[in-house]
Amino acid sequence: MRRTFLSIGECMVEMAPTAAGDYSLGFAGDTLNTAWYARQLLDQKWGVSYLTAVGEDAISDRMVDFIADAGIKIELVQRRSGCTVGLYLIQLDNGERSFAYWRSDSAARRLADDPARLDVAFATADVIYLSGITLAILPHQQRSTLFDALATARQNGATVVFDPNLRPRLWDSHDTMRRAIMAAADVSDILLPSFDDEATFFGDATPNDTARRYADAGAALVVVKNGGGEAACLRDGQLGHFTPPRVAHVVDTTAAGDSFNAGFLATYLETGNLDASMASGAALAARVIAERGALIKL
Ligand code: ADP
């Protein structure tokens, strides 16, 4: 039977500096990155779909073509007149990357403004994937709309996967961010946090503490990424650990977590084997951080 992996969030235009001193135009965004890798790794019995909102202008057309060309289904990409997509520019200063964003009025901020549309989209999804960035871009009321739709989807048998991906600059306060993240954990089955963020904003002392906090919030499975350090997982009260392979030359850590999530889920959804899934996530992330850019063809 055909199965559907649905990712929800914002894809942006990326302007990245080239060796020649100008900029090249690409497209990326955390939830799109995970969908991109999931499409390459999952068996063809899985359809991978992206839910977002874009404008009706030429750059929105290019973005949607880019997503479709990756084999990702675009039926749930909403078109909104009078607005456009967000953009970020990467600046290099002595090899250090910094980012400038133009996304405060992007079309994607309206992706959850119609509860009925969300219910229809979720009704055919087996796995629904979202992140803290998906939540951060939404107006408060629409976050609740999204949580309600996720709760209904879960009752109907969907598995909800959530990466907190904490980005304090997108939230009006750390408190709002923490409350929304824990509310999302409450309607999620699988949590995929990154320890350094969680330690900073929730005060967790170890990856085990992060895993326990989200398990206490109701997640059946928590996998805590930890950069090059030991990752932790917690399922049915059982803690496990995994040390990622050493990467001799880390070139660009963009999308490390997003690609880990896709590698992990591609194996987990097929086998349910935690050790194999952690290894698969870490192996993909190792490949991605050894190359420049978020999206590499496997
Ligand atoms: P995020 O990108 O979300 O902050 P992490 O930095 O924890 O997430 O990295 C995600 C995954 O990428 C890790 O679990 C690990 O598998 C891999 N990874 C990241 N940095 C390194 C590194 N320096 N060496 C080896 N693997 C790494």
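**Strand pairing**

I count two strands as paired if DSSP finds at least two bridges between them, and I apply this to a model that is predicted. With that in hand I looked up Ile128 and found that its bridge partner in β9 is Val160. The strands concerned are β8, residues 127-131, and β9, and I note that they pair in the parallel sense over 5 bridges.

I then followed β9 to its pairing with strand β10, residues 190-191, which is again in the parallel sense, over 2 bridges. Here the residue to look up was Val161, whose bridge partner in β10 is Ile190. Between these strands I traced helix α6, residues 174-186, and I record that β9, α6 and β10 make a right-handed β-α-β unit.

How many residues of β9 are buried? I find 4 of the 5 residues in the run 159-163 to be buried, and I therefore enter the strand as mostly covered, buried being under 20% relative accessible area.

Going back to β8, I checked strand β1, residues 3-8, and found that β1 and β8 pair in the parallel sense over 3 bridges. Leu6 has Ile128 as its bridge partner in β8, and Ile128 is the residue that I had already matched with Val160 in β9. I also find that Leu6 stands opposite Ser49 in β4, the strand of residues 46-54, which pairs with β1 in the parallel sense over 6 bridges.

**Ligand surroundings**

Which residues come nearest to the ligand? Of the 15 residues around the ligand, I list Ser194, Asn226, Gly227, Gly257 and Ala285 as those that come nearest.

I looked up the atoms for three of these residues, beginning with Ser194, where an N or O atom of the side chain is 2.8 Å from an oxygen atom of the ligand. For Gly227 the atom is a polar one of the backbone, and I read a distance of 2.7 Å to an oxygen atom of the ligand. Gly257 likewise takes part through its backbone, with an N or O atom that lies 3.1 Å from an oxygen atom of the ligand. As for cover, the ligand taken alone exposes 550 Å², and I note that the protein buries 81% of that.

**Cysteines**

I searched for disulfides, and the count comes to 0. Why does Cys83 form no such bond? The closest cysteine sulfur to that of Cys83 is in Cys11, and because it is 15 Å away I consider it too far for a bond. I also looked up accessibility, and I enter Cys83 as buried, with a relative accessible area of 9%, and Cys233 as buried at 5% relative accessibility.

**Backbone exceptions**

Most residues other than glycine have a negative phi, and I therefore keep a separate entry for positive values in such residues.

Asn165 is one of them, and although it is not a glycine I read a positive phi of about 35 degrees. I place Asn165 in the loop between β9 and α6, and at 11% relative accessibility I count it as buried.

Ala255 is also in this entry, with a positive phi near 70 degrees in a residue other than glycine. I find Ala255 in the loop between β13, residues 238-242, and α9, residues 256-271. Is Ala255 buried or exposed? I have Ala255 as buried, because its relative accessibility is 8% and the cut-off is under 20%.

Notes:
Residues are numbered from 1 along each chain as its sequence is written. This is a predicted model: local features need pLDDT of at least 70, side-chain atom pairs count only at pLDDT 80 or more; totals for chains, interfaces and linings use all residues. Side-chain values use heavy atoms; hydrogens and water are left out. Buried means under 20% relative accessible area, exposed over 50%, partly exposed in between (1.4 Å probe, protein chains only). A crossover is right-handed if, with the strands pointing away from the viewer, the path from the first strand over the helix to the second runs clockwise. A residue is near a molecule or strand if one of its heavy atoms lies within 4 Å of it. A polar contact is a pair of N or O atoms within 3.5 Å; within protein, one must be able to donate a hydrogen and the other to accept it, and residues adjacent in sequence count only if both atoms are side-chain atoms. Accessible areas come from the Shrake-Rupley method with a 1.4 Å probe; for residues, only the protein chains shown count as cover. A disulfide is a pair of cysteine sulfur atoms within 2.5 Å.
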